[in-house]
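Dear colleague,

Here is the structure I said I would pass on. My notes on it follow below the entry.

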Amino acid sequence: MRILVTGGAGYVGSACLRYLLGHGEDAVAYDNLSAGHRAAVPADRLIVGDIRDQSGLVSALRDTGAQAVMHFAALAYVGESVIHPQRYYENNVAGSLSVLQAMRSTGVSRLVFSSTCATYGITGHDLISESLPQEPVNPYGRTKLAVEWMIRDCAAAYGFGYTLLRYFNAAGAAADGQHGEDHDPEPHLLPLVLQCALGQKETLQVYGNDYDTPDGTCIRDYIHVDDLASAHWATLQRIDSGTAQVYNIGTGTGYSVLEVIAVAERVTGRSIEHKIAPRRPGDPARLVADPQKLIAALGWQPTCSKIETIVANAWQWHQTHPHGYAS
Ligand SMILES: NC(=O)c1ccc[n+]([C@@H]2O[C@H](COP(=O)([O-])OP(=O)(O)OC[C@H]3O[C@@H](n4cnc5c(N)ncnc54)[C@H](O)[C@@H]3O)[C@@H](O)[C@H]2O)c1
């Protein structure tokens, strides 16, 4: 299948692009490089463009002969979304509307969308299933929820098939250590932990140790970026113009911040200085997926999301690329 991958030079998008190419699909990234990296994508597989540029997007869909779109392009920092909500609505919501318009005008009718567990908000449930109410607690989550509804409405009216994939915490790096997470600023726990292990950061801030969890720190469900990629591929193979599906992608197992630090200390053999800081507003105590729907429907299984594997792969990437792709 020919697939246009918006945001395909970013962390998750580039991992999916590589996975698709490795499985014989014909995939091309479309990315404005605002947060993505040229070096994350084979040179002949990148179109530099913005999803809000309708004519650029239409040309990309026509030129590549795309039959499906995987839509990763978004701004994805919770904290930043609180400070700059307009930027988030403009990029994520207006940008996604532009993607849908371009698909409609070029007759591309299959869409896989990167949604997020941030659309659920604070559920109070140990495991989060797709049927729980979605009450996001920050502008980032709300932009993603708005796009979910936009896709449902456009699909019903214009005959698109779609799959909404709500990821939990993407983590890890390619097993060969050549590709990994490189954000500036880096908002995610594991890269920050490993920057401490490398001596690039002195101390890790742990935001809150008074949550209602066994050790008081927040619990998250870490899914290896290559398992995310395999879930996208499994989804793509089932999608047709009538598909209307929503799946969580996670493992069903959560780790607290302190547990992640302890695993990282074991894997790296280095001690990681950390200090307790106040809670951040809008951080749910626990976000762990119920992934059974995806497993049952597609036979998908995470194969590299053991926390030790995630940390070991990420450690290899950080050691060999201490300055990310600029290394
Ligand atoms: N990383 C996670 O843990 C996680 C969890 C849940 C959902 N997601 C979603 O997955 C997707 C990818 O996340 P990521 O961590 O890889 O982020 P990322 O920032 O690494 O990748 C996003 C990519 O989109 C590109 N982009 C942004 N706006 C664009 C625009 N207007 N036009 C063209 N390209 C644009 C950026 O340059 C970047 O390459 C996002 O939609 C995010 O909301 C990520």
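Arg-2 has Asp-26 of S2 standing opposite it. The two belong to a parallel pair, strand S1 (residues 2-6) and strand S2 (residues 26-31), joined by five bridges. Please keep in mind throughout that this is a predicted model.

The sheet around that pair

S1 and S2 are part of an open sheet of seven strands, paired in parallel and ordered S3-S2-S1-S4-S5-S6-S11. The edges are taken by strand S3 (46-48) and strand S11 (244-249); each has a single partner strand, so one side of each is left without a neighbour in the sheet. From one strand to the next the twist averages 20°.

Two helices lie across this sheet. Helix H1 (residues 11-22) crosses S1, S2, strand S4 (68-71) and strand S5 (110-116), and runs at about 160° to S2. Helix H2 (residues 54-64) lies across S1, S2 and S3, at about 155° to S1.

The ligand

Which residues are closest to the ligand? They are Gly-7, Gly-10, Gly-36, Ala-74 and Ala-170, out of 29 residues that surround it. Two or more residues of the shell come from each of H1, helix H4 (85-106), S5 and strand S7 (169-171). H1 gives the largest share, three residues. Sorted by class, the shell around the ligand holds 13 nonpolar, 13 polar and three charged residues.

The two domains

The domain assignment of the chain splits into domain 1 (2-170 + 222-249) and domain 2 (173-220 + 252-326). Taken over C-alpha atoms, the centres of domain 1 and domain 2 are separated by 22 Å. Where they touch, domain 1 puts 35 residues into the contact and domain 2 puts in 28 residues.

On the domain 1 side, the elements that give two or more residues are H1, helix H3 (78-83), strand S10 (222-224), helix H7 (225-238) and S11. H7 gives the most, with seven residues. The residues on this side of the contact comprise 19 nonpolar, 10 polar and six charged. H1 therefore turns up in three places in these notes: it lies across the seven-stranded sheet, it gives the largest share of the ligand shell, and it is among the elements of domain 1 that touch domain 2.The smaller items

There is also an open sheet of three strands, in the order S12-S9-S14, with mixed pairing. Strand S12 (255-256) and strand S14 (286-287) are the edge strands, and each pairs on one side only. Strand S9 (residues 219-220) runs parallel to S14, and two bridges join them. Within S14, Leu-287 is the bridge partner of Arg-220.

The last residue I looked at is Gln-301, which is found in the loop between helix H9 (292-298) and helix H10 (307-320). Is Gln-301 buried, exposed or partly exposed? Gln-301 has 14 other C-beta atoms within 10 Å, so it is partly exposed; a residue counts as buried at 20 or more and as exposed at 12 or fewer. Gln-301 and Thr-123 are 178 residues apart in sequence, and their C-alpha atoms are 25 Å apart in space.

Regards

How values were computed:
Residues are numbered from 1 along each chain as its sequence is written. This is a predicted model: local features need pLDDT of at least 70, side-chain atom pairs count only at pLDDT 80 or more; totals for chains, interfaces and linings use all residues. Two strands pair if DSSP finds at least two bridges between them. Helices (H or I, at least four residues) and strands (E, at least two) are DSSP runs, numbered from the N terminus. Axes are lines fitted to C-alpha atoms, for helices over the stretch in contact, and angles run from 0 to 180 degrees between N-to-C directions. A residue is near a molecule or strand if its C-beta atom, placed from the backbone, lies within 6 Å of it. Ala, Val, Leu, Ile, Met, Phe, Trp, Tyr, Cys and Pro count as nonpolar, Asp, Glu, Lys and Arg as charged, and the others, Gly among them, as polar. Domain bounds come from an automatic or database domain assignment.
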